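Let's take a walk through this chain together, starting with one of its helices and then stepping back to the whole. Keep the view open as you read.

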Amino acid sequence: MRYRLTFAAGLVLGYVLGTRAGRERYEQLKKSAMQFAQNPAVRNTAETAAHQGREFAGKAYHAVSDKVGDRMPDSVAQRVRTLRERTAHGSGEDDWGTSNT
């Protein structure tokens, strides 16, 4: 019984001390991540990468849809035509109403 009580006391003490130190370390990491994310150089790089990714995805989409378009079922072909029209008119929103910028 003494070993169980010692183990339980150690567990409780470790939990209390660990949560305090853990929370402080978590807050430090969170603050560092926020500072990193708000750095103008990091933001510009992320925006550039996202823009290039959208460009490459658009090129790949058109290349694949041009080659596969005749072999698709009508329902899929209609969806592709709808997406092409939406892209050509530049609505800037996806199916969920969020911006692609």
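**A helix and its surroundings**

Start with H2, whose 29 residues should span 42 Å at 1.5 Å a residue; the C-alpha atoms at its ends lie 41 Å apart, so the model agrees with that expectation. Bear in mind that this is a predicted model. Helix H2 covers residues 40–68 and has the highest confidence in the protein chain, with a mean of 86. Look next at the N-terminal end of H2, where Asn39 serves as the cap. A side-chain oxygen of Asn39 sits 3.1 Å from the backbone nitrogen of Ala41.

Now step back to the whole fold. Which elements does the protein chain contain, and in what order do they come? The count is 3 helices and 0 strands, and the order from the N terminus is α-α-α. Confidence is lowest in helix H3, residues 74–89, where the mean is 77. Over the protein chain the mean pLDDT is 78, with 79% of residues at 70 or more.

How much of the protein chain is buried? Of its 101 residues, 4% are buried. The accessible surface amounts to about 8,900 Å², and carbon and sulfur atoms account for 61% of that area.

Helix H1, residues 2–37, is a good place to finish, and Val16 is found there. Is Val16 buried, partly exposed or exposed? Its relative accessibility is 33%, and because buried means under 20% and exposed over 50%, Val16 counts as partly exposed. Together with Val12 and Tyr15, Val16 forms a nonpolar patch on the surface, and the three share about 300 Å² of accessible area.

How values were computed:
Residues numbered from 1 in each chain as written. Predicted model: local features only at pLDDT ≥ 70, side-chain atom pairs only at ≥ 80, totals over all residues. Heavy atoms only, no water. Patch = residues over 30% accessible without salt bridge, like charges linked within 9 Å, V, L, I, M, F, W, Y side chains within 5 Å. Areas by Shrake-Rupley, 256 points an atom, 1.4 Å probe, with all protein chains shown as cover. Salt bridge = Lys/Arg side-chain N within 4 Å of Asp/Glu carboxyl O. Helix = DSSP H or I, 4+ residues; strand = E, 2+ residues; numbered from the N terminus. Buried < 20%, exposed > 50% of the residue type's maximum accessible area, 1.4 Å probe, protein only. pLDDT = per-residue confidence, 0-100. Expected span 1.5 Å × (residues − 1). Polar contact = N/O pair within 3.5 Å; in protein donor to acceptor, adjacent residues only side chain to side chain.
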